[in-house]
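Reader: I should like to discuss this structure with you, one topic at a time. Please set out the reasoning behind each answer.

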Amino acid sequence: MRCSRLLLLVCFAAGAQEDAVDREIAGRIRREAFDRSQVMNYAFYLADLYGPRLTGSAGFRESGRWAAARLRELGFANIQQQPLDWGRGWECSRFAVHLLAPQYAPLTGVPLAWSPGTRGRRAAPAVLARLPNLSGPTARENLAEFQRQYSGKLRRRIVLAGAARMLEPETEPVFRRLTDKELAERAAAPALAPGKPAAIATNTDGTRLALERELHSWLRQEGVIMLLTSSGGSGGTIFTTGSTRYRDPKVPLPVPMAVLAVEHYNRLVRLVERNIPVRIEAELQVRFARDPSNAFNLLADLPGSEKKDEIVLLGAHLDSWNNATGATDNAAGCAVLMDVMRILKALHVPLRRTVRIALWGGHEGAGLGSRTYVRERVVDGTEHAKLSACYNLDYGHGRIRGIYLQGNIAVRPTFETWLSAFADLAASTVSLQNAGGTDHVAFDEAGIPAFQFIQDPVSYGSRTHHSNMDYYDYLLPDDLKQAAAVVATLAFQTAMRAELLPRKPAVKR
């Protein structure tokens, strides 16, 4: 018994020494991150100059070329584009919606990605035709009733596709930080099993998607000019995304579609409901393309020394939606990781392992970029035994408050030790919880230690995420500098560790 206890103490001491923080390097990283930061400069180019960056568009392609050029200037190796099988690219060159009658007013809105154009400027009466519910056992009957009710009534009309949405008073602040209580709850919470994606509701006559295609085919035959819907959000903020399933060239395109600010949309509905004639002018010019050079993951390496075949992967998605310039989602994460690479290079300390940056394409298409990387390089490739960790940054522009471990309890002592260097920057929370909805998940599912950071929400969910307000102005320089310091330190520690990070036990499938 005494020998067993002694052995346990020796093992614990060895592990503690293995994961001790290099305080001298951590200090140098912090000074480089705060005193010589380039993060806002990188964010400016990615957001203001090259945004929006919808995968498959020229904006995405040019942002990747710019990032590759900067990484090449900094002296990084093995810069390459990993092609993605994306399908249709989509770009908007002009969009405008105006209320012409009963009074003139410009209308605030955004087109839905993959919407076709209107074939010029079109002025037409507005009609309220609430689209049918295409889920559940009565979906086909709902579609048939909608077609019966509106047959012959929608030709050369602009359709308001739903009811007005009542607005509630805003009682919560737009901007907030995580509280000590919230962080303590995350630190104490057990790991939760990752949720399964919700199944598409099916019906006896086919899937919801099939019925949606049937609806849009009918709307095209009826001669609808454009569908207008109401957004989530308020105060002029429009939360919306396009439908990436239309990037498949085999899927017929919908009718032209746009989303209006709820206040503007509600006004139109109230007018129509009172039988006051409403006339709207809409113009949407788009371009579809299938250019393979517009869809890729951008990869670059800081080569390691004696363990150069082993990899520490840093990921953030380069693509954005078309609503704005994608500053907080996710030029911020890309800019931070580019600065992390710059910082590690500036240390002039040989790293044992290679540190690789991966700027994902196709994230807004069900994580296509990261899943392609995992399929080609991890599952079917040679990297499964060589990846020490995947660190992903994609929860907005708030400062890092800690890390989610995806249930990997074996690494908890390691991260508690490493993040102790950032207790004064409020970044020391370690949570076993599973974080979802972003690119580390594919790596976690493949058995790789993969982590997403806990970040302050600031104005991400309340104002900028997938919205028309996702602009550079909402970025917080000190938060992004702090994030760069934290990620660079974890990347350094992982690269210098004697062994790969511990992995979770394999799950039988």
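Reader: Is Cys92 buried, partly exposed or exposed, and what is its relative accessible area?

Author: The structure is a predicted model. Buried requires under 20% relative accessible area and exposed requires over 50%. Cys92 falls between these limits and is therefore partly exposed, with a relative accessible area of 34%.

Reader: How many disulfides does the structure hold?

Author: A disulfide is a covalent bond between the sulfur atoms of two cysteines. The cut-off for such a pair of sulfur atoms is 2.5 Å. By this criterion, the number of disulfides in the structure is zero.

Reader: Which cysteine has the sulfur nearest to that of Cys390, and how far away is this sulfur?

Author: Cys390 is in no disulfide. Its side is buried or exposed according to accessible area, and Cys390 has a relative accessible area of 0%, so this residue is buried. The nearest cysteine sulfur to Cys390 belongs to Cys334, at a distance of 13 Å.

Reader: In what order do the eight strands of the open sheet lie?

Author: The pairing among these strands is mixed. From one strand to the next, the twist averages 30 degrees. The order across the open sheet is β3-β2-β11-β5-β6-β9-β10-β4.

Reader: Which strands stand at the edges of the sheet?

Author: A strand at an edge has a single partner strand, so one side of that strand is left without a neighbour in the sheet. Two strands meet this condition, namely β3 (105-107) and β4 (109-111).

Reader: Over how many bridges do β2 and β11 pair?

Author: Strand β2 covers residues 89-101 and strand β11 covers residues 279-289, and the two pair in the antiparallel sense. The opposed residues reflect this sense: Cys92 stands opposite Val286, Val97 opposite Ala282, and Leu99 opposite Ile280. The pairing of β2 with β11 extends over eleven bridges.

Reader: Which residue of β11 is the bridge partner of Ala123?

Author: Strand β5 (residues 122-128) runs antiparallel to β11, and four bridges join the two. Ala123 takes part in this pairing, and its bridge partner in β11 is Glu281.

Reader: Through how many residues does a hairpin join β2 to β3?

Author: β2 and β3 pair in the antiparallel sense over three bridges. In this pairing, the bridge partner of His98 is Pro106 of β3. The hairpin that joins β2 to β3 passes through three residues.

Reader: How do the residues that line the largest cavity divide into nonpolar, polar and charged?

Author: The structure holds one cavity of 30 Å³ or more, and about 60 Å³ of space lies in the largest cavity. Its lining consists of Ser320, Trp321, Asn323, Ala324, Thr325, Gly326, Asp329, His466, Ser467 and Asp470. These residues divide into two nonpolar, six polar and two charged.

Reader: How far apart in space are Arg186 and Gly402, C-alpha to C-alpha?

Author: Arg186 has its place in helix α6 (residues 180-188). With a relative accessible area of 22%, Arg186 is partly exposed. Arg186 and Gly402 are 216 residues apart in sequence, whereas their C-alpha to C-alpha separation in space is 9.7 Å.

Technical notes:
Residues are numbered from 1 along each chain as its sequence is written. This is a predicted model: local features need pLDDT of at least 70, side-chain atom pairs count only at pLDDT 80 or more; totals for chains, interfaces and linings use all residues. Side-chain values use heavy atoms; hydrogens and water are left out. On a 1 Å grid over the protein atoms alone, a cavity is a set of points where a 1.4 Å probe fits but cannot get out, and a pocket is an open set with protein on both sides within 12 Å along at least five of seven lines; lining residues have an atom within 4 Å of a point. Grid points are joined across faces, edges and corners, and a volume is the space filled by probe spheres set on the points. Ala, Val, Leu, Ile, Met, Phe, Trp, Tyr, Cys and Pro count as nonpolar, Asp, Glu, Lys and Arg as charged, and the others, Gly among them, as polar. Buried means under 20% relative accessible area, exposed over 50%, partly exposed in between (1.4 Å probe, protein chains only). Two strands pair if DSSP finds at least two bridges between them. Axes are lines fitted to C-alpha atoms, for helices over the stretch in contact, and angles run from 0 to 180 degrees between N-to-C directions.
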